[in-house]
Amino acid sequence: MKRILCAILSLTLIFLMTLTVSAEPVQDTEPADPAAMITCDEAIAAYEALTGEKLETRRYYFQMPDGVHGMLNEDGEVIPTWYNEFSSGAGVFWWGNFPAACKSWPGYRAMTADADQHIYYVNMPAEVDALIWNNGVAGGTDAAQPVYEKARQTVDISCEPAEPGEYDTMPEGCDNFDECIYILQNEPDTTAVYSVRMPVPGAWYFYYGSGCYGMYNKASANFKSTDENCCNPDHFDPDGKHIGYIPENPLRGDYDRDGEITILDATRAQNIIAELITRPSEAFLEKVDADGDKVLTILDATRIQNVLALLMTMDGIQR
């Protein structure tokens, strides 16, 4: 039955892409175009319209590394950002019998749940056994191309129910990972088949919202409150109010929040302006405003380019 569903969904996706985008379906030989990547919701809606069957879905969350906070390896070092000139957000690939073979890498475009916290989500059929989060970049097979080393992904992530004690991050277990978030925690697996994508392992947590996650379901007797159970102490102000993470003193022009000014910041500013990616909060944009007028415009991207070309300082002083 699953193979039949997979074949139907495959044909549906091809039909849907010809209707909604002008670009060819994403292949593993060129960088993914976010505009050409349909979402799981679109794929599921097309499948349901074609078959008349209503699919049960589950929602999964993912925090994509931005090189700033929350994602540490075993040595306590921040995992490098997954954002680059070829990526504007997370992608997700279904792994298993249903329907892994129906979409080429990097899969579907994930939806943004919280731009400031770099949280993405996907609604997937409940029958899917496993998934792989990625940065929406195919990478391709030509090592001579700049995009080749820019693809990033997680290891294969099980969506099967967890027994009590099976996961340190969920001591009471979990009936399913619906409404849970996958957080990267360790060094990339350089021995993997696709080692160039640097597969990174992590762990499931219960997601409480605004980038806050913890070890207990809200229905558990061990859950007291979001403030007490949240595993992100940097998400609270001095009064104990949960506010989510906002860099205290970010660099001006550091739109990708990796702690340095590069051409990726200019690219990200342009993508925000063009509404190719979800717009961060105005509070953050004011803090990192490049030209100092506290309004994001193309002049901010130009200021960053001039700074990198050593033509002026971030304050606009000619060199």
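At 32% relative accessibility, C231 counts as partly exposed, and this cysteine is a useful place to start reading the structure, which is a predicted model.

**Cysteines**

A disulfide is a covalent bond between the sulfur atoms of two cysteines. The sulfur of C231 lies 6.6 Å from the closest cysteine sulfur, that of C230, and because a disulfide requires sulfur atoms within 2.5 Å, this separation is too far for a bond. How many disulfides does the structure hold? There is 1, and it joins C212 to C230, with a distance of 2.0 Å from S to S. This pair links distant parts of the chain, since C212 belongs to strand β10 (residues 212-214) while C230 sits in the loop between α3 (226-229) and α4 (263-273), 18 residues apart. Both C212 and C230 are buried. C180, by contrast, takes part in no disulfide, and the nearest cysteine sulfur, belonging to C174, is 4.2 Å away. C180 is also buried, with a relative accessible area of 0%.

**Nonpolar cores**

The largest nonpolar core has 36 residues, and of these Y60, M124 and W133 touch the most other members. Several elements each supply at least two residues of this core, among them helix α2 (40-51) and the strands β1 (57-63), β5 (119-125) and β9 (202-209). Leaving aside residues up to four places away in sequence, M124 touches C40, I44, E56, T57, R58, Y60, V92, W94 and L131. A second, separate core of 14 residues includes F284, L285, V288 and I304.

**Aromatic rings**

A search of the whole structure finds 12 aromatic pairs, and two of them, both tilted, are set out below.

| Pair | Centre to centre | Angle between planes |
|---|---|---|
| W94 and Y108 | 4.9 Å | 45° |
| Y205 and Y213 | 4.8 Å | 55° |

Why does the pair of W94 and Y108 count as tilted? The planes of these two rings stand at 45°, and an angle that is neither under 30 degrees, which would be stacked, nor over 60, which would be edge-to-face, is therefore called tilted. W94 lies in strand β2 and Y108 in strand β3 (residues 108-109), so this pair, with its partners 14 residues apart, links distant parts of the chain. W94 and Y108 are both buried, and Y205 and Y213 are buried as well.

Ring pairs also join Y60, Y167, F177, Y182 and W204 into a cluster, and Y60 was named above among the residues that touch the most other members of the largest core. Elsewhere, R268 lies over the face of Y83, at 4.4 Å from the ring centre.

Technical notes: Residues numbered from 1 in each chain as written. Predicted model: local features only at pLDDT ≥ 70, side-chain atom pairs only at ≥ 80, totals over all residues. Heavy atoms only, no water. Core = buried A, V, L, I, M, F, W, Y, C linked by side-chain atoms within 4.5 Å. Buried < 20%, exposed > 50% of the residue type's maximum accessible area, 1.4 Å probe, protein only. Helix = DSSP H or I, 4+ residues; strand = E, 2+ residues; numbered from the N terminus. Contact = heavy atoms within 4.5 Å. Phe/Tyr/Trp six-rings, centres within 6.5 Å; stacked < 30°, edge-to-face > 60°. Lys NZ or Arg CZ within 6 Å of the ring centre and 35° of its normal.
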